[in-house]
Amino acid sequence: MSTKERSWWIVAGVAIALYALFPIAWIVSLSFKAPSDLANGSFLPSLFTTENYSLILDGAASDLFLPALRNSFGICLIATFISCVLSMFAAYAIARLDFPGKKFILGTALAVAIFPVISIVTPLFNLWRQIGLYDTWPGLIIPYLSLTLPLSIWTMSAFFREIPWEMEQAAQVDGATTWQAFRKVIVPLAAPGVFTTAIIAFFIAWNDFVYGISLTSTGASRPVPAALGLFSGASQFEDPTGAIAAAAVIVTIPVVVLVLVFQRRIVAGLTNGAVKG
Amino acid sequence: MSTTTLPPAPKTEPVSKPKALISDRAKAERKLGWLLAGPALAVMLLVTAYPIAQAFYDSLFDYRLTDPDNRSFTGLSNYVVILTDQLWWTAIGVTALITVITVAVELVLGFALAMVMNKALRAIRPFLRAVILIPYAVITVVSAFAWQFAFDINTGFVNSWFAWIPGVGADTDWFGDTGTSLFVICLAEIWKTTPFISLLLLAGLAQVPEVLQEAAQVDGATWWQRMRRVTLPNMKAAIMVALLFRTLDAFRVFDSIFVMTAGANNTESVSFLAYRQTISRLEIGLGSAVSVLLFIVVVLIAFTFIKGFKVDLAQARGDS
């Protein structure tokens, strides 16, 4: 590869990194600004302070923020796991088997995926209060499945569809049992799709705002986005900007860590020689 | 080869066939299909069938949570009220505008990103993939706050950085006007969701057989020819999934608007209108009707897409 080509790639890489990280850098910078410094009109603080962080971590806002972090992690992980297991079976059946009704299943998934969240919320609000699921973890995990399941099914079906299933038969011709063929041939081919789907499902659940703000009322189950929304609303702080920025940074740190962990798996999965000729 | 490992017979028409002719094998396959896909289907129906039915039912009533005893059946009059109200048409216009602009920009940008990531030097590829995942993983509410604070007349830096652009100055109030508010909302949406498209496209790109690319190159195909004849046809499924879900997702835009403008200056989307009717004004009947209408619009879009692209996710094997 020529030097010119190499430097072109580096320029492109830097541009992408700038694009992705600039708003993050801005909110980090903002979180270190003192209240008097917020309106200085410049990107960087003129004086570094961590007072926004102490406000959130052990100050007045900590009992709003810390439980929300725990709730978000627990609820989203459980919802992702359930929807991945369910959709793995469903996508396999859709991509692989001949049975009447797979169009109906995909159609249902689509209808569920596009149904406006807000109109699921109102009836659920009444039902959850009656049966005691309001402001509980299951009360959010169940509606989160309506967000994560349809996308998981569609994405995984698309992935599974591209898999050369003949290879499974070829392995069986070569003497492999059905289980061996599945384990040694199909699983490595399907894994990248499953991992990519799991990431997508998790971040969709993690990102939810409407359910979170409508179906919870206390720190018992309120997830992070809803808590952030309340920061800006009826707030006891004079100017919540600094506190919001600090909370946003803290919420983003675990996400960045997760991204790095999952990213390695995706790269390994995609480069595992999956589907090539 | 034993009978259990035989590939299934090429496309029969199971529906038009008399029952007696369906082989045991086909029966077993059917059973297995429902067994595998059934749980997912059941869960989806459970979480949505009740709320969907309830939303439609509620939309037929004049029903306020502040006055629940005076609930009365009014038929379709909620729909008449909404469809003759300027608020609804403004919300539809705003939502459509945001959807078209963001999805168009995101598809082009996302494809470019995917191409760079697919071809980038081995050394920086993992770095690029991690970096591109970050906007995607950041919560929409957080991204909305970041962009809002950047453009805000008090806390922002945009006004002082871009003062050289005509019309931008220290006192430019980006959230004081419909057009500029929507511009910032679109920017935030594009920044946040382009990675979703580019990741799906990258997955599609990775599945385009290298051999085909090389063969085309050896045969003297130009870059554009290879793109059109080899790359794009091979990743149609990935493009379809990315585009379909992003469009439908964009049409429900809510979080950014909630955070940035709360619907001020005619920046209200359809979802926000429904939210304001149900949650803020507790007009369950009207709000449900808005939701049902939104759902119908969205179904029409999806239908157009699937017919337009002619991709059938269910035609899974033995073809193409």
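**Exercise 1. Report the mean pLDDT of chain A, then find where confidence is lowest and highest among its elements.**

Solution.
- Start with the whole chain. This is a predicted model. Chain A has a mean pLDDT of 80, and 92% of its residues reach 70 or more.
- Go to the elements. Helix 3 (residues 62-96) of chain A has the highest mean pLDDT, 88. Helix 11 (residues 241-270) of chain A has the lowest, 72.
- Check the weak stretch. The pLDDT is below 50 over residues 266-277 of chain A. Beyond near neighbours in sequence, this stretch still has 24 contacts in the model.

**Exercise 2. Describe the make-up of chain A: elements, box and burial.**

Solution.
- Count the elements. Chain A has 11 helices and zero strands. Read from the N terminus, the order is α-α-α-α-α-α-α-α-α-α-α.
- Take the extent. Along the principal axes, the C-alpha atoms of chain A fill a box of roughly 75 × 65 × 25 Å.
- Assess burial. Chain A has 277 residues, and 49% of them count as buried.
- Look at contact range. Consider the contacts in chain A with a separation of 6 or more: 73% are between residues 24 or more positions apart.

**Exercise 3. Do the same for chain B: elements, burial and contact range.**

Solution.
- Elements: chain B has 13 helices and two strands.
- Burial: 43% of the 320 residues of chain B count as buried.
- Contact range: among contacts in chain B with a separation of 6 or more, 68% are between residues 24 or more positions apart.

**Exercise 4. Characterise the side of chain B that touches chain A.**

Solution.
- Size it by residues. On chain B, 92 residues are in contact with 97 residues of chain A.
- Find the main contributor. Helix 1 (residues 24-58) of chain B supplies the largest share of this side, 21 residues.
- Sort by class. The side of chain B holds 70 nonpolar, 15 polar and seven charged residues.

**Exercise 5. Analyse the packing of helix 1 of chain A against helix 4 of chain B.**

Solution.
- Set the geometry. Helix 1 (residues 3-31) of chain A and helix 4 (residues 125-137) of chain B pack at about 30 degrees. Their axes are 9 Å apart.
- Assign the hand. The crossing of helix 1 of chain A with helix 4 of chain B is left-handed.
- List the residues. Helix 1 of chain A contributes A:Gly13, A:Ile16, A:Ala17, A:Ala20, A:Leu21 and A:Ile24. Helix 4 of chain B contributes B:Leu128, B:Val131, B:Ile132, B:Ile134 and B:Pro135.
- Classify them. This contact has 10 nonpolar residues, one polar and no charged. The polar one is A:Gly13, because Gly counts as polar.

How values were computed. Residues numbered from 1 in each chain as written. Chains lettered and ligands numbered in written order. Predicted model: local features only at pLDDT ≥ 70, side-chain atom pairs only at ≥ 80, totals over all residues. Axes fitted to C-alpha atoms, helices over the stretch in contact; angles between N-to-C directions. Helix = DSSP H or I, 4+ residues; strand = E, 2+ residues; numbered from the N terminus. Left-handed = near helix turned anticlockwise from the far one by under 90°. Contact = placed C-beta atoms within 7 Å. Buried ≥ 20, exposed ≤ 12 C-beta atoms within 10 Å, placed from the backbone. pLDDT = per-residue confidence, 0-100.
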